[in-house]
Each structure stands twice: as structure tokens, then as C-alpha cells.
Amino acid sequence: MLIKLPPASACKESDVTPESIYLSRRKFVGSSMLGLAATAMPVLARAEDAVRYAGVEPAKAPAWFQSKLSSTQWQAVVAKGETITPYVDATQYNNFYELGANKGDPKANAAALKTEPWTVVVDGEVANPGRYNLEDFIQPHQLEERIYRLRCVEAWSMVVPWLGIPLSALLKQVAPTSKGKFVRFETLVDRENLPGQKSSFGLIDWPYVEGLRIDEAMNPLAILAVGMYGRTLPNQNGAPLRLVVPWKYGFKSIKSIVRISLVEEQPKTTWQSLAADEYGFYANVNPSVDHPRWTQARERRLPSGLFSPNVRDTLMFNGYGDEVASLYSGMDLRVNY
Ligand code: MTE
């Protein structure tokens with residue numbers, strides 16, 4: 001798929017080379033994101049690559065994922081001048097309420113999430129509805145690596161190299177009808193095994209639900225991720241399939257998706273249902289619209305500690321304004337937070 005991004009999204013090649021362990025497997029293709037011609041690239045890892053992906057545990061990827069890696073587009077990078085967050089931080093400081101409410105719970109309880117077999121239903125206002133095994137769902141598409149900032153509404157952030165497919169590619173495949181104005185996403189429900197869903201006193205009315213307007217979903221930055229750091233997604237990060245919408249607060253990036261529905265009305269999302277005055281449907285990263293209980297002007301970039309909080313200014317649309325601001329022209333972002 002050809003996607004043309006403005007120069008603001010361009011980055012140095014040194015920001016993108018993945019770790020040495022799979023450099024030998026990787027077959028470079030021309031990066032349509034950066035407008036590069038198809039070309040063979042050197043297959044030598046540099047010292048900095050090893051540092052970037054240090055701590056990545058050995059993969060236990062299914063065969064379909066391994067075979068997809070060989071044709072992955074590695075240079076689709078959209079986080080200019082950033083350093084990738086260490087794997088250990090991205091995989092042990094998580095929000096995934098199905099696996100527990102504390103930041104360490106998702107990793108500790110990761111085994112409770114059963115990801116094989118995995119089925120994804122695509123339904124609603126589409127010409128081609130379907131029920132797919134994950135493998136068949138991904139099969140028609142080429143994986144792309146996207147290095148994105150992820151900004152949580154709680155004011156922490158990280159930079160993650162995702163592996164996924166553009167959401168727009170899937171939508172084109174299923175062909176939304178004229179009534180398909182929004183995309184609604186749903187996470188699995190497994191009350192027997194998922195610790196966060198076992199309790200009948202929990203606040204969340206499962207399943208976790210998220211949504212996008214169709215034009216947001218078609219934006220080239222929106223992806224469905226199946227991997228990160230050159231591996232399949234760890235369970236705590238939303239295996240085996242999650243949404244990544246980098247210009248929005250992290251709660252929009254719904255994990256462990258089992259259903260994608262095209263709908264006519266704006267879907268009622270989980271956090272809106274819990275506290276509509278605190279979490280809106282749009283949830284665009286916006287340093288000038290504070291959360292009612294804290295400022296959104298700054299954020300802690302992980303790793304962040306007491307003596308080195310690593311605080312930085314938050315960027316409008318998380319730094320992706322060139323790509324997405326036009327989606328909201330004429331809208332009052334204080335009202336549509
Ligand atoms: N998806 C589901 N199904 N359940 C969740 O609790 N948490 C969200 C989002 N997706 C969540 C979810 C929130 S609040 C954030 S900030 C991101 O996942 C965190 O993603 P990460 O743990 O990979 O950093």
C-alpha cells in the first residue's frame with residue numbers, strides 16, 4: 001500500500017533498523033512511507049540496534065508470524081528523533097484491566113490470556129463480513145513496522161516499535177457501506193480465566209469497547225498491531241491483535257480485539273461509560289485541554305523514576321498534527337475532548 005506522509009514524519013534510517021537477531025531474515029522492501037525506491041540494504045547490525053532492542057526475550061512466534069516477518073516493511077517510522085523505550089519498560093508497566101488494575105498485574109497475570117486459537121469477527125455495515133482465524137485475517141496484508149509515541153491519559157508515555165497492518169487496508173477489504181460511519185472494537189470476554197473479569201464487583205461493564213470515526217480509522221497512522229520489538233505482542237500488551245492510534249490517548253488503543261464492527265452511530269466506549277466528563281470519545285492528545293484532575297501539558301517518558309522523572313512537554317496530537325489535524329478542522333477540541 002502506498003502512503004505518502006509529510007516530511008515532518010520522516011526520520012533518520014538509524015531510528016529504524018531492528019535488532020541483529022532477525023536482520024539476517026529481513027528482506028528490505030522500498031519504503032513507500034518514506035518514498036524510497038526498493039533497494040537492498042546492508043544486513044549488518046550496528047551497535048545502537050543491539051542497545052535499542054536489548055532485553056527482548058526470545059520469540060515463540062507462530063509460523064504465520066515468522067513467515068510474515070520476511071516481507072515486513074521495516075522503515076515506516078513515525079517518531080522523529082525519538083529513542084525507543086526499553087522493552088522491559090514497555091512490557092512491565094501496563095494498563096490492561098482484564099489482567100488486573102495495577103501496572104504490574106498485566107505481566108504477572110499474562111498467562112491467563114489464551115491467545116490460540118484466536119478468532120476475529122468483522123461485521124455490521126460492511127459488504128464483506130467475516131469470521132477469521134487470526135492467521136487468515138493477517139494473511140492478505142504486509143506487516144509494517146511503525147515506531148510511534150504512545151501517550152497515556154495518565155500522563156506517562158513511551159516509544160514503541162509496533163508491527164502491524166494499516167487499519168485502512170482491512171477496512172478496504174471488508175468494504176464499509178454508506179451507513180458504516182464509525183468503527184467499533186471489542187476485546188474478548190473470558191470471565192473464567194481473566195482475573196479482572198472474574199469479579200462481579202468490578203467497575204467495567206465488559207467487554208472493553210473502543211471506537212473511531214471512519215475517517216480516523218482510515219488515516220494511514222492507525223494500525224492493527226500483531227507485534228512489537230520485532231516479536232509477537234506479549235499478552236500484557238494486547239496479544240494477539242490490538243489497535244494503535246498514536247495521536248490519541250492510550251486508552252483508545254484497545255487490546256486483544258475479537259470483534260470489529262462498522263456501525264452507524266458513535267459507539268459508547270468503556271471509559272466514556274465510566275466517566276464521560278473525564279474521558280471523551282475523541283481523546284486526542286492535547287496539552288491545552290487538561291484532565292479534570294491533572295494537567296495534560298507534560299508527561300513522564302518511561303523509564304521514569306524519582307531521581308530521574310524524565311518529564312517533557314506533551315505535543316499536540318502527540319506530535320502527529322501534520323498527519324491528523326485536518327480530521328478535526330472546525331471542531332472545538334475543548335468540547336470534543
Ligand atoms: N485495552 C483493553 N482491552 N483493556 C484495557 O484495560 N487499557 C488501555 C489500552 N488498551 C486497556 C486497553 C490503556 S488505558 C492504555 S494506556 C493502553 O492500553 C496501554 O497499552 P500498553 O500497556 O501496551 O502500554
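In this predicted model, the lining of the second largest pocket comprises, by class, 14 nonpolar, six polar and five charged residues. The space within this second largest pocket amounts to about 420 Å³, and of the 25 residues that line the pocket, N95, Y97, Y208, F251 and W271 are the closest to its centre.

The second largest pocket is also where the ligand sits. The ligand is surrounded by 18 residues, the closest of which are N94, Y97, E98, R242 and K255, and the shell that these residues belong to divides into nine nonpolar, six polar and three charged members. Polar atoms of the protein approach the ligand through both backbone and side chain: a backbone N or O atom of Y97 lies 2.7 Å from an oxygen atom of the ligand, a polar side-chain atom of E98 is found 2.8 Å from a nitrogen atom of the ligand, and a backbone N or O atom of S253 is placed 2.9 Å from a nitrogen atom of the ligand. Of the 530 Å² that the ligand exposes when taken alone, the protein buries 99%.

The largest pocket, by comparison, holds about 760 Å³ of space. Its lining is made up of 26 residues, with K60, T115, T232, L233 and N235 lying nearest the centre of the pocket, and these lining residues divide into 14 nonpolar, six polar and six charged. Among the elements of secondary structure, α5 (134-138) and β8 (231-232) each contribute at least two residues to the lining of the largest pocket.

Methods:
Residues numbered from 1 in each chain as written. Predicted model: local features only at pLDDT ≥ 70, side-chain atom pairs only at ≥ 80, totals over all residues. Heavy atoms only, no water. Near = heavy atom within 4 Å. Polar contact = N/O pair within 3.5 Å; in protein donor to acceptor, adjacent residues only side chain to side chain. Areas by Shrake-Rupley, 256 points an atom, 1.4 Å probe, with all protein chains shown as cover. 1 Å grid on protein atoms, 1.4 Å probe; cavity = no way out; pocket = protein on both sides within 12 Å on 5 of 7 lines; lining within 4 Å. Sits in = over half its atoms within 2 Å of the grid points. Nonpolar A, V, L, I, M, F, W, Y, C, P; charged D, E, K, R; others polar. Points joined across faces, edges and corners; volume = space filled by probe spheres on them. Helix = DSSP H or I, 4+ residues; strand = E, 2+ residues; numbered from the N terminus.
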